[in-house]
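Reader: I would like a close look at one part of this model, the run of paired strands in the second half of the chain, set against a short account of the whole.

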Amino acid sequence: MIRFEKGEETAILHNPLKNFEIDSQPIEYRVDPLTGLTSFVRTGRAFWAGIYKTDQTLLEKLVEETRGRCFFCPEKVATSTPRFPADFFPEGRLTKGEAVLFPNLFAHKRYSGIIAISHKHYLRLDEFKPDLLLNAFKLSDLYLRRAHQVGRVEYAEIGGNCLYPGGASIVHPHLQVIASHGAHSLIKIYTEKGKAYYKRHSKNFWDELVKREKELGERYLGKLGSTEWFTPFAPIREDEVNGVVQGKSNFLEFDDHDWESLADGVSRVLKAYHDKGFSCFNFAIYSGPLGRKLRYLRAGVKIVSRSSVQAYPVSDTWYSNCILLDGFVVEPPEEVAKGMRPYFT
Ligand SMILES: [Zn+2]
């Protein structure tokens, strides 16, 4: 019932890097089996490999130069970050382990929280340990339940941007936790398409997808607690990994075990990114409408690598993905899965 639709084409050129011999470059165009969104997949990473790798000297300089004025470091977080109104959280800010939750000084949506996840000003990608993430996720859980209770908001997300190339404006490791009356585009598409799939087949799309990925084995990574992990057939960005929370459509259904499973998976993916030489990432944990159990939807997470900290700031955001909504990757998800699989055993 799930179709992995793809086409193949070849670009032909006389390649100056190969003494102007005739060269052919195979490209696949793939269609996401649920959303219909397209992604182009090129093989051969030679050109991009250098662009993605981290300039360690520059990164160390960046960390040192930003440390002294950082509001998220422990010596300033209690005196310089915003506080919640007393009728929302009387404590003003919430803490759990090393994690501290406070309002975003510049809100993105009605409820915009920030969680500084560690006492350390900088974490390498192999230092995002599950317990650090878990404390941050548990604070997110408290915040979203309170926002839903007070403001009856239905839509929520938890996101991570790491370092400037990843869209963060603060070096200190932190997450965004956000709730609003307005749905983001992905959950609107997922809800609509998931519902249509359920009507046609009387089955949940994500349950079927995980089953199919397990059977094929090309992109499946493994099961961690209550979550299933794989690389998507038609990725939006490089090194994309997806996780699905079994049997749950929204954050208010989550229990500690779900958060533990997500923290475990995100930590493993970031470790793999670190070992590939990357320093930046984005992830987003998405949820269906809060408080409504939908049989045709599943909550989950998507993680992607981003171009790293480098002297010449090359960005992996270009017109194709920021305007045309076209995915493009130079490493096929089947190859990404091969490299990622050892981290899931
Ligand atoms: Zn800091």
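Before turning to the strands, how many positive and negative side chains does the chain have, and how far apart do the centres of the two sets lie? After that, please take me through the strands from β9 to β13, with their pairing and their burial.

Author: The model is a predicted one, and what follows should be read in that light. The chain has 47 positive and 43 negative side chains, and the centres of these two sets lie 5 Å apart. Its secondary structure comes to nine helices and 14 strands. For 345 residues, a compact globule would have a radius of gyration near 20 Å, and the chain, at 21 Å, agrees with that. Along the principal axes, the C-alpha atoms fill a box of roughly 70 × 55 × 40 Å. Buried residues make up 54% of the 345 residues, while the chain exposes about 16000 Å², of which carbon and sulfur atoms supply 55%. If one takes the contacts between residues at least 6 apart in sequence, 67% of them join residues at least 24 apart.

Now to the strands themselves, beginning with β9. Strand β9 covers residues 220-224, and because four of its five residues are buried, this strand is largely enclosed by the rest of the structure. Its partner is β10, residues 227-230, which runs antiparallel to β9 and is joined to it by four bridges. Along this pair, Y220 stands opposite F230, and L224 has T227 as its bridge partner. The two strands form a hairpin with two residues between them, where G225 takes a positive phi near 55°.

The side chains of β10 deserve a separate word. T227 and W229 point one way from the strand, whereas E228 and F230 point the other way, and all of these residues are buried. Beyond its pairing with β9, strand β10 is also joined to β11 by four bridges, again in an antiparallel arrangement. T227 takes part here too, with V245 as its bridge partner in β11, so that T227 is paired with L224 as well.

From β11 the pairing passes to β13. Strand β11, residues 241-245, runs antiparallel to β13 and is connected to it by four bridges, and within this pairing V244 has G300 as its bridge partner. Strand β12, residues 280-286, is likewise antiparallel to β13, but is joined to it by seven bridges. Here Y286 stands opposite G300, and G300 is also the partner of V244.

The covering of β13 can be described face by face. Strand β13 spans residues 300-306, and seven of its seven residues are buried. On one side these are G300, K302, V304 and R306, and on the other V301, I303 and S305. The charged side chains of K302 and R306 thus sit among the buried residues of this strand.

One helix from the same stretch of sequence may be added for context. Helix α7 covers residues 256-275 and includes D275, a residue that is partly exposed, with a relative accessible area of 40%. D275 and G291 are 16 residues apart in sequence, yet their C-alpha atoms are 39 Å apart in space.

Read in order of pairing, then, the strands run from β9 to β10, from β10 to β11, from β11 to β13 and from β13 to β12, with each of these pairs antiparallel.

How values were computed:
Residues numbered from 1 in each chain as written. Predicted model: local features only at pLDDT ≥ 70, side-chain atom pairs only at ≥ 80, totals over all residues. Heavy atoms only, no water. Rg over C-alpha atoms; globule rule 2.2 N^0.38 Å. Buried < 20%, exposed > 50% of the residue type's maximum accessible area, 1.4 Å probe, protein only. Contact = heavy atoms within 4.5 Å. Areas by Shrake-Rupley, 256 points an atom, 1.4 Å probe, with all protein chains shown as cover. Lys, Arg positive; Asp, Glu negative; His and termini not counted. Charge placed at Lys NZ, Arg CZ, Asp CG, Glu CD. Pairing = 2+ DSSP bridges.
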